[in-house]
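I opened this notebook to keep track of what I looked up in one structure, entry by entry. I begin with a term that I shall need, and then go on to the chain itself.

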Amino acid sequence: MAATSFIGPIPNPKTNGVVFSPRKPFLCSSAVNSRLFGYKFLGKSLSGSTQRSRSEPVHVSGLNPITASHSFDVVVIGAGIIGLTIVRQFLLGSDLSVALVDAAVPCFGATGAGQGYIWLVHKTPGSEKWELAARSLKLWEMLAESIQLEGMNPLEILGWKKTGSLLIGRTPKESDMLKRRVEQLSEAGLRAEFLSSYDLLSEEPALMVGKEGGAAFLPDDCQLDARRTVAFIEKANRNFSSEGRYAEFYNEPATCLLRSGSSGEVQAVQTSKNTLYGKKAIVIAAGCWTGSLMHDLIRDSDIDLAVPVKPRKGHLLVLENFNSLKLNHGLMEAGYVDHQDASLHSSVSTSGPVHTQTSSISMTATMDLSGNLVLGSSRQFVGFSTEIEDSIINRIWDRAGEFFPTLRELSLRDFSKDKEVRVGLRPYMPDGKPVIGPVPGLSNVFLAAGHEGEGLSLAMGTAEMVVDMVLGNPRKVDCAPFALQGRCCQ
Ligand SMILES: Cc1cc2nc3c(=O)[nH]c(=O)nc-3n(C[C@H](O)[C@H](O)[C@H](O)COP(=O)(O)OP(=O)(O)OC[C@H]3O[C@@H](n4cnc5c(N)ncnc54)[C@H](O)[C@@H]3O)c2cc1C
C-alpha cells in the first residue's frame, strides 16, 4: 500500500502566521487504518497511483486534504478506556483544553469486551506493575466513593461492585502456589485469605474444585461494567465542552503527525477530516493499533523506534438473565496468570517473523449487574480479526463446565436467543508491561498503550501518570519500568 505525505507548508489560521513546513514529513497511516477500519485514504501516492475510498471518503486537494483546523493544548488519539481516562484526568487536573480522536467510537476496541475485573489477586506484590495496579485500584475506589458522595449509586453508574476475587486452583501444585500468593498479598498489607475446597462450598456453592483445590480470596477486589463506565466518563468529559475545553472527533482516524520544520516538534494530528493542533502534548492511546499506527506515522523519518504492541484476540460469552446458577464473587482459574504471561511465539522465515497462532482458554466467571453470567476468556494471536469463532465459544463453555457442574447439564444451543458474544483485541506487549511515557525523539508525543488484559484496572493510574508527565508534576508511581527505551521488540 502506498502512502501519502504532506510536503510543503500547511497554513494554520489559528497560529497567527507560524509557518508550518515539515521538512521531514511524516507519512500518513493509510495502510493501518484501511486494514483495520475498512476505509482507504483517498489520495495520490508519491508514485502517482490513486487509491479509492471504500466507505468513508477523505477529501484531498492535490497532496493536501481540505480539512478544518482546530487548536487544543492536548490531542489524545484513541477513545478506549485509556484515552478516555487520560482526557478525564487532564480536564479535572489542569486547565488545559483537550481533543479526543477515535477511528470509531469508544467501545469499538478492547474496552467494549472487557470483563471488568479491577483486581490485585493475580498481580504480584513487588513486581514492576504492582505499584501502578495498587494506585489504580485506589483511584477507581475514590471515583466510586465520589459518585456515592454526590448521591448516586456507583453500582448503577459504573456497575461497581466490591464482590471480592477468587483465584482458583484444582491441583495440589496450584493450591500451594495460591497459598504462597496469599502470604505475599498479606505481607503487602492486603486482606487476603486462602480458602480450602471446603470453605469454597459456602462461598460459591455452584463451584466444584475437588478436594485438593482451593482459592486465593481478596475480599476488597472490585469489578465494574466497562460499558457503563465508559458512558459515565464520556458524559463527565462532555461537561467541559461548553467552556471550550473539550471536543470529540469520533469516526475520524488519525492518519498523520505533522512536525514543525524549525523545532522538529510534532505540532498536530491529521485526521481524515481535521487538522488538530496540540500545543502542549499529543498522546497516543490507540490500544492494539498503537504499534502499527506509530510504525506508519514515523516511516521514512529519521526516527528509529518500534512499539511492539500486538493484537491479542479475546472472546467473552454473556448469557443473559441466567438463573441456573448464582455467583457471589468474581472468579478466575489460576492458569489464567500463565496464559496472560505466555509470550507470542515467533520464528523467522525469509519473509520476516512468523507468528504461531496459539490459542488458550482460561475460565473466568462473574455475574454482572443485570444478572447476566459473563464467562471468559480466550487468548489468540490472529492479527486484527475480530470475527466470532464458534469453536472458541464452545471451548469457553466447556471450560466453565469443568468448574460448574450445573453447566454440563445445559446445552449452549438453548441460549441462542439470550447469548451475546463480545470480541476484543487486547493490546499485548511482549514483556507484559504497558508502555507509558514520551516517544524518544518526539518529546511532546506520549504513548499509553499495551495494557493487554489489565487495561480497565490500570486505566486510572495510567491516566494520572501521563498527565503528571505532561504537566511536570511529581509522580505518584515510579514510571521508569514503563518507558519505551530498552524494551524488547519482536
Ligand atoms: C475478553 C476480554 C476481557 C477483558 N477483561 C478485562 C478485565 O476484566 N479487566 C481489565 O482490566 N482488563 C480486561 N481486558 C483488557 C482491557 O479491555 C484492555 O486492556 C483495555 O480495554 C485497553 O484499552 P485501550 O484504551 O488501550 O484500547 P482500546 O479499547 O482497544 O481502544 C483503542 C482505541 O483506539 C482507536 N484507534 C485505533 N487506531 C486509531 C487511529 N488511527 N486513529 C484514532 N483512533 C484509533 C480504536 O478505535 C479504539 O477505540 C479484557 C479484554 C478482553 C478482550
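Before reading any loop I had to settle what a strand is: strands, like helices, are DSSP runs, and they are numbered from the N terminus, with at least two residues for a strand and at least four for a helix. With that in hand I could place Asn321, which sits in the loop between strand E14 (310-319) and strand E15 (330-333).

**Entry 1: the whole model**

I noted that this is a predicted model, and I therefore looked up its confidence, since where pLDDT is low, the predicted coordinates should not be read in detail. The protein averages a pLDDT of 84, and 82% of the residues score at least 70. Over residues 1-64, however, the pLDDT is below 50, although the model gives this stretch 131 contacts beyond near neighbours in sequence. I found a second such stretch at residues 345-356, where pLDDT stays under 50 and the model has 12 contacts beyond four places in sequence.

I then listed the elements and found 12 helices and 22 strands in the protein. Of its 490 residues, 48% are buried. Among the contacts with a separation of 6 or more, 73% are between residues 24 or more positions apart.

**Entry 2: backbone angles**

I reminded myself that most residues other than glycine have a negative phi, and that most peptide bonds are trans. Asn321, the loop residue I had placed above, has a phi near 45°, which is a positive value in a residue other than glycine. I asked whether Asn321 is buried or exposed. Asn321 is exposed, because 9 other C-beta atoms lie within 10 Å and the exposed class takes in 12 or fewer.

Asn251 also has a positive phi without being glycine, near 50°, and its place is the loop between strand E10 (246-249) and strand E11 (254-259). With 17 other C-beta atoms within 10 Å, Asn251 is partly exposed.

I also looked up the bond between Gly376 and Ser377, which is a cis peptide bond with an omega of about -25°. Ser377 belongs to strand E19 (residues 373-380).

**Entry 3: helix H2 and its two partners**

For the helices I kept in mind that two packed helices are described by the angle between their axes and the distance between the axes. The axes of H2 (residues 81-93) and H12 (residues 455-471) come within 8 Å and cross at roughly 40°. That angle makes H2 oblique to H12, and the crossing is right-handed. Among the residues that meet there are Ile82, Thr85, Ile86 and Phe90 in H2, and Leu456, Ala459, Met460 and Val467 in H12. By class, the residues of this contact are 10 nonpolar, five polar and two charged.

Which residues make the contact of H2 with H7? The axes of H2 and H7 (residues 226-238) come within 10 Å and cross at roughly 35°, and this crossing is left-handed. The contact is made by Ile81, Leu84, Thr85, Val87, Arg88 and Leu91 of H2, together with Ala226, Val230, Ile233, Glu234, Ala236 and Asn237 of H7. I counted these by class as eight nonpolar, two polar and two charged.

**Entry 4: helix H3 on H12, and Met460**

The axes of H3 (residues 130-149) and H12 come within 7 Å and cross at roughly 95°, which makes H3 roughly perpendicular to H12. Leu132, Ser136, Leu139 and Trp140 are among the H3 residues that meet H12, whose side of the contact includes Leu458, Met460 and Glu464. The contact of H3 with H12 divides into eight nonpolar, three polar and two charged residues.

Met460 deserved its own look, and I found it in helix H12. Met460 counts as buried because it has 25 C-beta neighbours inside 10 Å. Leaving aside neighbours within four places in sequence, Met460 is in contact with Thr85, Ser136, Leu139 and Trp140. Met460 and Leu132 are 328 residues apart in sequence, yet their C-alpha atoms are 9.1 Å apart in space.

**Entry 5: Asp398**

Last, I looked up Asp398, which lies in helix H10 (residues 390-403). With 14 C-beta neighbours inside 10 Å, Asp398 counts as partly exposed. Met363 is 35 residues away from Asp398 along the chain, and their C-alpha atoms are separated by 9.5 Å.

How values were computed:
Residues are numbered from 1 along each chain as its sequence is written. This is a predicted model: local features need pLDDT of at least 70, side-chain atom pairs count only at pLDDT 80 or more; totals for chains, interfaces and linings use all residues. Axes are lines fitted to C-alpha atoms, for helices over the stretch in contact, and angles run from 0 to 180 degrees between N-to-C directions. Angles under 35 degrees count as roughly parallel, over 145 as roughly antiparallel, 65 to 115 as roughly perpendicular and the rest as oblique. A crossing is left-handed if the near helix is turned anticlockwise from the far one by less than a right angle, and right-handed if clockwise. Two residues are in contact if their C-beta atoms, placed from the backbone, lie within 7 Å. Ala, Val, Leu, Ile, Met, Phe, Trp, Tyr, Cys and Pro count as nonpolar, Asp, Glu, Lys and Arg as charged, and the others, Gly among them, as polar. A residue is buried if 20 or more other C-beta atoms lie within 10 Å of its own, exposed if 12 or fewer, and partly exposed in between; C-beta atoms are placed from the backbone. pLDDT is the predictor's confidence in each residue, from 0 to 100.
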